Structures are given as structure tokens and as C-alpha cells.
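Student: I get lost when I try to take in a whole protein at once. Please pick one part, go through it slowly with me, and explain the terms as you go.

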Amino acid sequence: MRTAPPVPETPPSLADPHDGHPPHSFDVVSAETLYEGAIFALRGDHVRMPGGRVATREKVEHFGAVAIAALDDEDRLVMIYQYRPAIGRRIWEMPAGLLDGGPDEEPVEAARRELVEEVGVTADDWSTLVDVVGCPGFADESVRVYLARGLHDVDRPAAADDEEADLVIRRVPLADLVTAAMSGDLVNGPCIAGVFAAAEVVAGRFSPRPVDAPWIDRPTDYARRRRG
């Protein structure tokens, strides 16, 4: 009987970086809201440094997001080609969406919703691939990338008159996406991380984590702020 690949665990080389000593806690002495918008807020935190001084650190609060590596029986991922206004061009990405349903929203339910809304697909089997914190120096945004398998096509809801009305949907071989990451054709961080993680799973080197694996960096401050 074939043994299942291992679920990844923390390597010993990364354990206990402080060698048993308690680390500095970087307490927030006070904070102020500098800007609040529709999908993020900018906060100024006054933080106690290791030497005792208080320094200001600007922090972007974000809903957080989910992305989906939807893998079919031919080892192809369902990808979208979508315009991104912040960089002024279209790029290849995985289906994804904000966790804007409140701090109690189950991330996998948001992922199920986005997969239907963006590409008209449902999945029987869900698991966790990777969690990505893209800009930890100034933003709390974290993206959980799910692996979805056992795909079924369903009707995709009509898109509103925004970027999603213009997107292209294509099933792309996973091997081609690994090449695209190395060639610079893929630039979305969670997408690249998800592609390489999915390739490790398909190659049989690892099993994905459970769908409800702990997500210690999931942001909730902004969702609570919006809830009031």
C-alpha cells in the first residue's frame, strides 16, 4: 500500500530562533488612524523599541484574502487574466477575493464563493497550500492559498461592469505555470507561491495541510473596524 506524502512541519533549523530567551514584545503604546478607505486603513502605531524609545510605525490594515489553486484531473490550474489598476496592466492570477464578510467569516467559504463567482467552478476537495504575508514591513495583509480538487463547472454569475467583466479564464498546465513563474510572466506573489506548492503536492513530495489549519497571521483589525 502506497504511503501518503508527509504533511509539512516546521524544520528544526527554524525552531527557537531566540535560543530559549524571551524575545522583546514591541508593545504598542498608542495608535491613531491616519486614513480609512473602502478596503484598507492606514494606522500610526507608537511602538516600544528594545532600547526603550517609542517609534512610530505606519501600518496598513487590510481585510486579508483567499486565493484558490483549482487543480483539475489533467494537472491544470484554473487561471484568470485580469486588469490590475495599481500596476496598470493585465496579469495572470489564481481566482481570489477579499475576506470582507466580517472577522467571523470562514476563509474556505469565501474561497468557495470566489471560485464560483470568478470562474464558474466548484470543488469536492479542499485543503490548505500556503499562507503568504506579502509586505510584513508595513501591511498586515495575509493571503491563504487553498488547493481545490474534484472540479465541476457551474454557471458563473453575470459580472458587474468592473475589471471582472473583462477577465479571461483559462486552464493552464501546472508545469507551464512553474515555467511562467521563473520566466517572469507570473508576478502575483500568492499565485507564485501557490503554483510552487501545488507542484510539490503533485510531485508527491508533500501532502497539503488540512483546510482548517491554523492561520496565525489572518488579519481581523480592519474587518472589526468596518463592522463598527
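Tutor: Here is a walk through one sheet and its surroundings, followed by a short look at some other parts.

Before we start, this is a predicted model: local features need pLDDT of at least 70, side-chain atom pairs count only at pLDDT 80 or more, and totals for chains, interfaces and linings use all residues. Residues are numbered from 1 along each chain as its sequence is written, and side-chain values use heavy atoms, with hydrogens and water left out.

Okay, find the open sheet whose 3 strands sit in the order 1-2-3, with antiparallel pairing. A strand here is a DSSP run of E with at least two residues, a helix is a run of H or I with at least four, and both are numbered from the N terminus. Two strands pair if DSSP finds at least two bridges between them. Strand 1 and strand 3 (54-62) are the edges, as each pairs on one side only. Going from one strand to the next, the twist averages 25 degrees. (Axes for that are lines fitted to C-alpha atoms, for helices over the stretch in contact, and angles run from 0 to 180 degrees between N-to-C directions.)

Now zoom in on strand 2 (residues 40-48), which is joined to strand 3 by 9 bridges, the two running antiparallel. To see the pairing for yourself, look for Phe-40: His-62 in strand 3 stands opposite.

Phe-40 has a second role to notice. Together with Leu-34, Tyr-35 and Ile-39, Phe-40 makes a nonpolar surface patch with about 360 Å² of accessible area in total. Areas like that come from the Shrake-Rupley method with a 1.4 Å probe, and for residues only the protein chains shown count as cover. To be in a patch, a residue needs over 30% relative accessible area and no salt bridge; nonpolar side chains (Val, Leu, Ile, Met, Phe, Trp, Tyr) are joined within 5 Å, like charges within 9 Å. Leu-34 sits in strand 1 (residues 28-36) and, at a relative accessible area of 42%, is partly exposed. Buried means under 20%, exposed over 50%, and partly exposed in between (1.4 Å probe, protein chains only).

Next, the charges. Side chains of opposite charge can pair when their charged atoms come close. A salt bridge is counted when a side-chain nitrogen of Lys or Arg is within 4 Å of a carboxyl oxygen of Asp or Glu, and that rule gives 20 of them here. Arg-43 and Asp-45 make one, with their closest N and O atoms 2.7 Å apart. Arg-43 is buried at 14% relative accessibility, and Asp-45 is buried too, at 5%. The pair isn't on its own, either: Glu-36, Lys-59, Glu-61, Asp-221 and Arg-225 are linked with Arg-43 and Asp-45 in a network of salt bridges.

For contrast, look elsewhere. Arg-76 and Asp-72 meet at 2.8 Å, N to O; Arg-76 is partly exposed at 24%, while Asp-72 is buried at 7%. Glu-109 and Arg-112 pair up at 3.4 Å, and both lie in helix 1, 3 residues apart, about one turn of the helix. Glu-109 is partly exposed at 43%, and Arg-112 is partly exposed at 33%.
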